[in-house]
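Let's take a look at a protein together with its DNA. Have the picture open while you read.

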2 protein chains.
Amino acid sequence: MTQTSDTTSYKDIKRTVLRRIRSGEWQPESLLPNEQELAVEFSCTRTTVNRALRELADEGFLERRRKAGTRVLSAPQRQARFTIPLVRDEIEAMGGTYRYALVSTETQPAPDWLGARLALRPDQSVMHVRCMHFSGNTPFQFEDRWIVIDSVPQVVQADFSGTGPNDWLVQTVPFTNVELTFLASRADAALAGFLDVSEGEPVFTAERITWLEGQPVTFAKMYFAAGYRMTTEF
Amino acid sequence: MTQTSDTTSYKDIKRTVLRRIRSGEWQPESLLPNEQELAVEFSCTRTTVNRALRELADEGFLERRRKAGTRVLSAPQRQARFTIPLVRDEIEAMGGTYRYALVSTETQPAPDWLGARLALRPDQSVMHVRCMHFSGNTPFQFEDRWIVIDSVPQVVQADFSGTGPNDWLVQTVPFTNVELTFLASRADAALAGFLDVSEGEPVFTAERITWLEGQPVTFAKMYFAAGYRMTTEF
DNA sequence: AATTCCATTTTGTATAGACTTTAAATTTTT
DNA sequence: AAAAATTTAAAGTCTATACAAAATGGAATT
């Protein structure tokens, strides 16, 4: 048999299954018919049903277990997917002109809090880089970053006067794991100066820790200018 | 042929491809061999290669276009996936005891800013619900929510004195689209009182707009207590 | 009554092959 | 030279089938 216009596609099945869940025909926690039965219902192969259900499970609507079958999740665990763009791309996408400025670089032993956060040995040292990202002449983001020298030895020769450490790292070091945190922090005097806001103002902040195969590579705090909103649709 | 222990699995292919990208063997922007060629290399069918590459594209490492082929993305668009839990689950997962308190409910014409945000007609009215979520006796989240009555007529008979509007909505109305925004806001006097912080303190805030097939259902602002961190790993 | 073992069910993944759709590249026409 | 039509290469999807792996539930054993 072949794929003609009247063939049931895995997308049709996804749609139908979603509709049945939404309409209440398939209640939360209830078990779906198995793949073979659905294949008969939709007149297609089990392969096609499998793909549809697999994707719906991946999207957080269903839970699947071998032998136990497929069931509807009671609270659909829908996941918001944030694509974190490079600052430059983000600014240019808004029609701004990206401008970068290095504030300071310093090589030093890792401070205690950082050592604890990244599970560093007491003797490991880090490069501390602070820099600003502007949209035109408006401050957009202040970046406070630490790079683990043992994990990225080349960093000692890197020149961050013209390129941001993030751009450099993305080009230079691959990573395997990331921890990303969003929080609201309070602008201290220094930060207020950088971002051109009053001291004490709320600042949307992202923290990012990056590892390569278990090795900590870098820790970054990114402070966004007033009014920043991190948005996604799903 | 059949799936024996020496069979190449799509997971092996994913690993190998990722390794080649990380090692620089396959440079950013460069074109991968086509599926047929890779199938020969890995001694498997094109189907298997297809699944591996499809998933890697979905995860943001590759870009695929028919006829044009598959290429390595220069800045891997890795996506952070946040699963937004129900407040109750979040509190209980931390070992706290969930407690809920209704602050106010009111039915009113939609304020202008809300009408604009949700594309409401001028005559549409909304139910405004304000409530608190506690972990034990500690304030955890203040929720400020508007529900579009035309989209959820049953809401006028709902009783939010014991159950939060979010729990009720999740049980009652399906949704198809969500816009989620994170930002940092400043505690005004009222909010400071609810969350037990000083006026002016930064407050991590999430805004969520929910639609059902294009119809706006609800707009919610969720203000989190001091120190809240929204974290994910990927 | 508890534990271990085993059969069975259901999803997971692979093969081989074919047709479909998209869009880049080429050729033809204007 | 530009625009339109055609070719074609690559990914996209489906069928049909087979074996694999996990986990459940019951049977056998302790």
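## Meeting the DNA

Which helices and strands each supply at least two residues of the surface near DNA strand D? From chain A come α1 (10–23) and α3 (46–58), and from chain B come α3 (46–58), β1 (62–65) and β2 (69–72). Helices (H or I, at least four residues) and strands (E, at least two) are DSSP runs, numbered from the N terminus. The largest share, four residues, is from α3(A).

In total, 29 residues surround DNA strand D, and the closest are S9(A), T48(A), R65(A), R46(B) and R64(B). Here "near" means that a heavy atom of the residue lies within 4 Å. Sugar and phosphate make up 73% of the strand D atoms that come within 4 Å of the protein. For R64(B), a side-chain N or O atom is 2.3 Å from a phosphate oxygen of DNA strand D; for R51(A), that distance is 3.0 Å.

## About the model

This is a predicted model, where local features need pLDDT of at least 70, side-chain atom pairs count only at pLDDT 80 or more, and totals for chains, interfaces and linings use all residues. Residues are numbered from 1 along each chain, chains are lettered from A and ligands numbered from 1 as written, and side-chain values use heavy atoms, without hydrogens and water.

## Two matching copies

Turn chain A by 180 degrees, with 0.1 Å of shift along the axis, and it superposes on chain B with an RMSD of 0.1 Å. (The fit is by least squares on C-alpha atoms of residues with pLDDT of at least 70 in both.) So the two copies are related as by a two-fold rotation axis.

Terms used:
A polar contact is a pair of N or O atoms within 3.5 Å; within protein, one must be able to donate a hydrogen and the other to accept it, and residues adjacent in sequence count only if both atoms are side-chain atoms.
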